[in-house]
Amino acid sequence: MLDVCIIGGGVIGTAISRELSRYQLQVRLVEKNEDVGTETTKANSGIVHGGYDAKHGSLKGFFSAKGNAMYPQLEEELHFGYRQTGSFVVAFNETQEIELDRLLENGTKNGARGLSIISGDEAREMEPHLSKSITKALLCATAGVTSPYELAVALAENAVKNGVEFSFHTEVNGVEKTDDHFVLHTNQGPIEAKIVINAAGLYADRVSAMIGEDNFTITPRQGQYVLLDKDQSFMTDTVIFQAPENGSKGVLVTPTVHHNILVGPNSDYIDEKGDVATTSEVISRIMEAGRKSIDAINTRKVIRSFAGNRATSSKHDFSIGETAVKGFVNVAGIESPGLTSAPAIAVHVADILKEMGVEMVADPNFDPTRKAYQRIAGMSGSELKNLIAEDPAYGRVICRCETISEGEIVDAIHRGLPITSVDAVKRRTRAGMGRCQGGFCAPRVMEIISRETGLSMEEIEKQGKGSYLLTKRTKDALERGGQDA
Amino acid sequence: MLKYELVVVGGGPAGLSAAVEAYEQGVRKILILERDKELGGILNQCIHNGFGLHRFKEELTGPEYSRRYIDMLDETTIEILKETMVLEISETKVVRAISAERGYMEIEAEAIVFSMGCRERTRGAIQLQGDRPSGVFTAGTAQRFINMEGYMPGKRVVILGSGDIGLIMARRMTLEGAKVEAVCELMPYSNGLTRNIVQCLEDYDIPLMLSHTVVKVHGKSRVEGVTIAKVDENLRPIPETFQRIDCDTVLLSVGLIPENEITQNAGIMVDTRTNGPKVGELRQTEMPGVFACGNVVHVHDLVDFVSEEGALSGLGVAKYLKGELETASNFTTANGDGIGYVVPQTVTMSNVDDQVTFYMRVRSVYDRHIVRAYQGDTLVAEKKERKFLPAEMVNFKIKKDVLANLGDGEIRFVVEEV
């Protein structure tokens with residue numbers, strides 16, 4: 001019997017798993033996909049917000065300001081990629097300037113730090129490619145960027161190190177409450193746990209309804225994005241938001257933690273939770289809106305477009321707490337600024353468990369650190385010399401665009417989480433993230449996965465169930481001794 | 001530190017030809033750095049024939065073509081390091097590279113030839129929208145899977161783009177038992193060589209749908225189909241013509257881009273028309289002692305001309321090392337009406353032997369037209385062809401004595417009606 005079962009391996013579920021791994025608890029996280037961070041977590045803006053935007057008094061406002069302050073230490077412990085870049089909310093007219101004042105006031109109440117309003121010229125002095133028509137900007141020095149999927153991976157790997165079990169391809173179809181525990185009915189058989197934490201993201205309403213708690217719904221709110229080549233990083237190293245106007249929040253132009261430029265998102269409610277298709281209408285709308293902030297945004301420099309869905313709750317705020325069903329905790333409706341809030345939410349969930357009377361004994365063996373990758377890109381000559389002497393695999397470059405070595409890929413495969421897909425390697429190492437988008441390296445990454453895990457080339461997937469890449473050997477008839485002929 | 005007279009970055013057809021020619025011209029201390037396990041570059045996966053008609057006057061497969069050069073190399077003292085990745089080249093021509101075997105290396109080069117080739121444009125670059133399942137491959141990646149790894153990437157295929165690799169792969173996948181439903185080409189003409197359209201599509205009854213594009217990819221996990229559409233004269237999809245084709249694989253053959261990251265990091269500007277460095281008649285770049293040839297300069301359609309360009313750069317290196325390469329140029333070239341780009345971008349007469357071959361591409365299909373070279377209003381030379389196609393590179397040769405009659409300045413190439 002588990003003490004705690006967490007449903008959902010997004011950034012919220014993994015953050016909670018890592019937080020609970022500080023204690024002597026038997027914890028398992030179940031995830032329906034092949035890896036952590038494969039849905040909302042992998043496709044969002046990747047911003048660590050300053051905490052000024054979410055309304056004061058809301059859980060969003062409280063947790064985002066608190067979560068923001070936790071990132072520097074988390075990065076030091078887990079090395080997932082985080083940079084404090086600062087952010088601007090830019091205004092183009094007087095109406096929007098009033099919005100800046102409102103945000104400043106709201107942020108101060110939330111406890112956001114590093115806020116000030118600056119002139120358009122001052123903003124352009126810091127980011128020279130900003131549009132001339134920007135009149136004022138709200139500067140938030142504590143805002144930053146992170147790599148959300150690498151954060152989820154880092155949290156999960158650290159949780160594994162500290163004793164949390166992860167079950168992938170495990171989908172919860174029903175939850176049964178007995179006298180003193182729960183039975184989760186999954187496609188992999190029943191799981192028993194004293195406490196269930198519902199961090200199922202877009203599907204949190206369905207999971208909650210399984211126990212009769214159906215007082216909210218989660219509607220997918222789509223965000224499409226365009227990613228630009230690294231050689232466009234000159235445009236900005238500050239996150240650029242647009243001040244809201246007529247109910248529209250505008251689009252953002254932001255550096256990613258790896259120095260690409262990201263433009264987006266839209267914000268449209270859609271019907272299907274799993275629908276992450278992009279459309280040319282929305283993509284051109286985003287590009288046009290982005291050019292209001294920085295007119296140098298160049299369509300020819302696009303390397304990828306993608307979409308993700310935010311888990312927007314009918315309650316329009318986070319829902320965090322034990323439900324009327326004792327022992328069943330919802331962590332639902334975690335949309336933006338959910339990524340920023342994740343570390344603070346995780347601590348809060350641990351507190352909730354304490355209040356529920358769970359015996360929380362600190363684990364003396366808890367190790368908060370995760371080894372950083374030895375990334376050869378940008379290493380000095382002597383660093384490369386030593387590293388390759390130690391392990392020659394670091395001298396074999398697999399991904400040319402991002403300069404990723406075989407050593408890094410092998411390391412990623414052996415960090416405690418099962419690797420079955422090319423995208424899992426891509427999210428961890430960046431192999432395939434560059435301008436050729438895996439054209440050259442995908443076959444070689446597959447060979448390495450096959451060699452290291454024993455999966456056949458046909459079994460290796462792009463991104464989970466059914467996303468096979470290869471169908472069969474070309475000469476299988478010959479290999480069978482020509483029996484078909 | 002290792003020291004060489006010439007370091008060649010990339011052991012594909014361009015680099016091999018450059019090294020062999022430099023050797024023949026007397027350069028002795030030459031090193032080729034190749035990132036892959038074998039020399040030959042992309043030729044290794046091009047197992048079809050049709051290579052070498054100009055260069056060797058016979059039809060070879062890709063590996064046979066590169067074998068010819070590797071055999072020539074074996075007769076020399078040229079050194080080769082395989083599985084070696086060049087990270088960076090400094091302004092003082094120090095090459096930083098790594099390999100598993102040798103670790104980190106710094107190599108001092110008197111001259112450098114860039115011959116890194118090109119890469120394929122991807123789904124992101126052409127802004128193909130819809131779902132993002134597995135089963136969308138660039139044609140070259142599919143070619144590698146089939147011809148080098150021995151695996152089929154799918155069973156039912158739609159190909160977007162009629163570049164040569166796409167056409168070759170239509171035939172290749174058909175021969176391996178896949179069904180190629182259609183090849184869609186955005187433009188009203190094909191971007192592949194005519195012989196490939198005949199031998200790879202027509203011979204196998206594969207429809208070539210001109211002025212058509214893929215507007216959407218369907219499928220959550222693996223490709224389940226695509227929506228294709230006819231496009232109007234502004235290349236915009238016409239909604240009434242949307243049509244779904246079921247398939248499990250989409251191959252993209254939508255253009256190639258020279259790989260110039262190392263070039264740009266070395267501080268050499270890239271020409272936005274070719275996406276390669278600007279070069280002179282012997283493929284010298286703006287950085288003294290640095291040369292570039294093959295698809296890293298501009299995308300070729302025949303390997304024979306890649307080799308030709310490689311040889312030019314090899315000759316240039318030899319001249320440079322002897323101190324005989326003149327640097328001040330006499331002419332710059334310009335692309336006038338109908339011409340997309342011209343290579344070389346500069347010409348220095350004293351480096352020219354007998355004639356200069358100007359490579360260029362036309363922007364559209366031109367029937368009964370002629371390409372003319374002008375200086376100001378003066379007609380310098382003209383090039384006749386039955387038909388000019390964007391898919392087929394124009395080789396416009398002008399004799400040295402013709403050029404010698406001109407004053408220094410710009411030579412402009414234009415397409416004109418006959």
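# Two chains, questioned term by term

Modeller: Let's start with chain A, where 56% of the 485 residues are buried.

Biologist: What makes a residue "buried" rather than "exposed"?

Modeller: We count neighbours: a residue is buried if 20 or more other C-beta atoms lie within 10 Å of its own, exposed if 12 or fewer, and partly exposed in between, with C-beta atoms placed from the backbone. For chain B, the buried share is 52% of its 418 residues. Bear in mind that this is a predicted model, where local features need pLDDT of at least 70, side-chain atom pairs count only at pLDDT 80 or more, and totals for chains, interfaces and linings use all residues. As for labels, residues are numbered from 1 along each chain as its sequence is written, while chains are lettered from A and ligands numbered from 1 in the order in which they are written.

Biologist: Why is B:Q127 called partly exposed?

Modeller: B:Q127 has 16 C-beta neighbours inside 10 Å, so it counts as partly exposed. Now take B:R368: with 9 such neighbours inside 10 Å, that residue counts as exposed.

Biologist: What makes the phi of B:Q127 worth a remark?

Modeller: Its sign. Most residues other than glycine have a negative phi. B:Q127 has a positive one, near 55°, and sits in the loop between β9 (118–120) and β10 (136–138) of chain B. B:R368 has a positive phi as well, near 50°, in the loop between β25 (366–367) and β26 (369–375) of chain B.

Biologist: Which peptide bonds are called cis here?

Modeller: One runs from A:S336 to A:P337, with omega near 5°. Another runs from B:V343 to B:P344, with omega near 5° too. Most peptide bonds are trans. A:P337 is in the loop between β20 (328–332) and α8 (338–355) of chain A, and B:P344 is in the loop between β22 (339–343) and β23 (346–347) of chain B.

Biologist: How do you know what counts as a helix or a strand?

Modeller: They are DSSP runs, numbered from the N terminus: H or I over at least four residues for a helix, E over at least two for a strand. On that basis chain A has 13 helices and 23 strands, and chain B has eight helices and 30 strands.

Biologist: What makes chain A agree with a compact globule?

Modeller: The radius of gyration is taken over C-alpha atoms, and the globule rule is 2.2 Å times the number of residues to the power 0.38. For 485 residues the rule gives a value near 23 Å, and chain A has 23 Å, so the two agree. Chain B agrees as well, since 418 residues call for a radius near 22 Å and the chain has 22 Å. Along the principal axes, the C-alpha trace of chain A spans about 75 × 60 × 45 Å, and the C-alpha atoms of chain B fill a box of roughly 65 × 60 × 40 Å.

Biologist: How many residues of chain B are in contact with chain A?

Modeller: Contact means that the C-beta atoms of two residues, placed from the backbone, lie within 7 Å. By that test, 41 residues of chain B touch 45 residues of chain A. On the chain B side, α3(B) gives the most, with six residues.

Biologist: Which strands of chain A and chain B pair with each other?

Modeller: Strands pair if DSSP finds at least two bridges between them. Strand β23 (residues 472–473) of chain A and β11(B) have two bridges, in the antiparallel sense, so they meet that rule. Within this pairing, A:K472 stands opposite B:M152.

Biologist: Why do β23 and β27 of chain B count as edge strands?

Modeller: They belong to a five-strand open sheet with mixed pairing, ordered β23-β21-β30-β26-β27 in chain B. Each of β23 and β27 (378–384) has a single partner strand, so one side of each is left without a neighbour in the sheet.

Biologist: What makes the pairing of that sheet "mixed"?

Modeller: Look at β30 (residues 409–417) of chain B: five bridges join it to β21 (residues 331–335), running parallel, while six bridges join it to β26(B), running antiparallel. In the parallel pair, B:A334 has B:R412 as its bridge partner. In the antiparallel pair, B:A373 stands opposite B:F413, and B:R372 stands opposite B:V414.
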